[in-house]
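Me: I am new to this structure and would like to learn how to read it. Could you take me through its features one at a time?

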Amino acid sequence: MKVLLFGGAGYIGTHVALAFLERNDTVGIFDNLSSGLRSNVDERCRFIEGDILNKDQVKAALSEGWDAVVHLAAFKAAGESMLKPFKYSENNITGSLNLITECVRAKVKNFILSSSAAVYGEPSYLPVDESHPTNPTNYYGYTKLCIEENLKWYSKLKDFNFVSLRYFNAAGYDGDGRMLGLEMNPANLIPVVMEVAAGLRPNLLVFGDDYDTPDGTGVRDYVHVTDLAKGHLLAADYLLKNHQNLIVNLGSESGLSVQQIIDTAREITGKGIDVQYVERRPGDPAKLIASSTKAKKELGWVAEHSSVESIIASTWKVYQANQKKSAMFK
Ligand code: WQD
């Protein structure tokens, strides 16, 4: 299969590329390198530097003939999206519409969207399945929902199908250490915890310890990025075989609190990890846990690498490797 990954030089895209390469698929990566890294791109990939806001660049890339497209080119910081909505509407919505319409024109009929649990908003029941109402509490989540809605319309009107993968909290790194590029200025919990352990930040701010959860801190469903990557292979196979749409959650189906993440990180890294408890972060639900029953049933997908130990140990290894590298150049 020939698959083109838009936004493929980022954290998740790099792992997705590795998964396709492992089974000898032909992989192209289209990325504007705004947050992705050129060094993340495996040399077996065809790399195209370009921006989804530039229709000519998208058109040229698609004209090379691909069986499927994976769309991961998006900004993803929920908090930032509330402060800078233009940045998110322009890139995430306008850019995605460019990409979708150009795929239809180029007759690339199979589209996989990197979507998010943020489309659900505050859960009204747990675990969250795909029938749960979609009512995003941040603009980022709305952009993903808006893309899904457009995909539904285009698949009704044109010869075009999509799978939308609603990721829960993506975490962890390739277990074989093939991906060493760290995200710049991370805002998500696990990389921030790692930065404290590595001495790059003085402490971790824990956003709220008075939630209705066993230890008072927020509970999330952390899913290993290698498991997510596998989901994309299965989604591509599903589209090529069934020619129909699918929206599925990808989550581990288990909830971990911020405190449990800190405790495990202390054990694995052997570092103290200084913590300061502060106010809740606006828009944060107390608990978010996936039901992935549909992904199991429709795609045969199961989370195999998503234990908290595997997630934190694989991430810590990458932080240590980077520390060694930077020490060499001091
Ligand atoms: C996890 C928990 C925080 C940082 C976001 C997106 C979601 C998905 C994953 C992609 C929460 C707490 C965090 C910190 C903290 N991504 N926390 N101190 O907000 O659950 O989900 O990323 O689509 O769509 O919204 O992830 O890692 O920011 O937070 O206490 O410095 O850690 O309050 O309970 P979130 P997160």
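Me: Into which domains is the chain divided?
Reply: A domain can be listed with more than one stretch of sequence, as you will see here. In this predicted model, domain 1 takes in 2–172 + 222–250, while domain 2 takes in 189–220 + 253–328.

Me: How far apart do the C-alpha centres of domain 1 and domain 2 lie?
Reply: Those two centres are separated by 23 Å. Contacts tell you about the boundary as well: 30 residues of domain 1 touch 31 residues of domain 2, where contact means heavy atoms within 4.5 Å.

Me: Now the ligand, please. Which residues come nearest to the ligand?
Reply: There are 18 residues around the ligand, and the nearest are S116, Y140, L205, R220 and D284. Both domains take part, with at least three residues of the shell coming from domain 1 and at least three from domain 2. Strand β8 (residues 204–207) gives the largest share, four residues.

Me: How many residues of that shell are nonpolar, polar or charged?
Reply: The shell has 11 nonpolar residues, four polar ones and three charged ones.

Me: Which side chains have a polar atom lying close to an oxygen atom of the ligand?
Reply: To read such a pair, look for N or O atoms within 3.5 Å of one another. Y140 places a polar side-chain atom 2.6 Å from a ligand oxygen. For R220, an N or O atom of the side chain is 2.6 Å from an oxygen atom of the ligand. N169 also has a polar side-chain atom, at 3.0 Å from a ligand oxygen. As for cover, the ligand on its own has 680 Å² of accessible area, and the protein covers 89% of it.

Me: Why does the length of helix α4 agree with what we should expect?
Reply: A helix advances 1.5 Å a residue, so the 21 residues of α4 (residues 85–105) should span 30 Å. The C-alpha atoms at its ends are 29 Å apart, which agrees. Just after α4, K107 has a positive phi of about 60°.

Me: Where else is there a positive phi, in a residue other than glycine?
Reply: Look at L33, whose phi is near 60°. L33 sits in the loop that runs between β2 (26–31) and β3 (46–49).

Me: And which residues does a cis peptide bond join?
Reply: Here you check omega: between L126 and P127 it is about -10°, and the bond is cis. You will find P127 in the loop between β5 (110–116) and α5 (139–157).

Note on methods
Residues are numbered from 1 along each chain as its sequence is written. This is a predicted model: local features need pLDDT of at least 70, side-chain atom pairs count only at pLDDT 80 or more; totals for chains, interfaces and linings use all residues. Side-chain values use heavy atoms; hydrogens and water are left out. A residue is near a molecule or strand if one of its heavy atoms lies within 4 Å of it. A polar contact is a pair of N or O atoms within 3.5 Å; within protein, one must be able to donate a hydrogen and the other to accept it, and residues adjacent in sequence count only if both atoms are side-chain atoms. Accessible areas come from the Shrake-Rupley method with a 1.4 Å probe; for residues, only the protein chains shown count as cover. Helices (H or I, at least four residues) and strands (E, at least two) are DSSP runs, numbered from the N terminus. Ala, Val, Leu, Ile, Met, Phe, Trp, Tyr, Cys and Pro count as nonpolar, Asp, Glu, Lys and Arg as charged, and the others, Gly among them, as polar. Domain bounds come from an automatic or database domain assignment. The expected span of a helix is 1.5 Å times one less than its number of residues.
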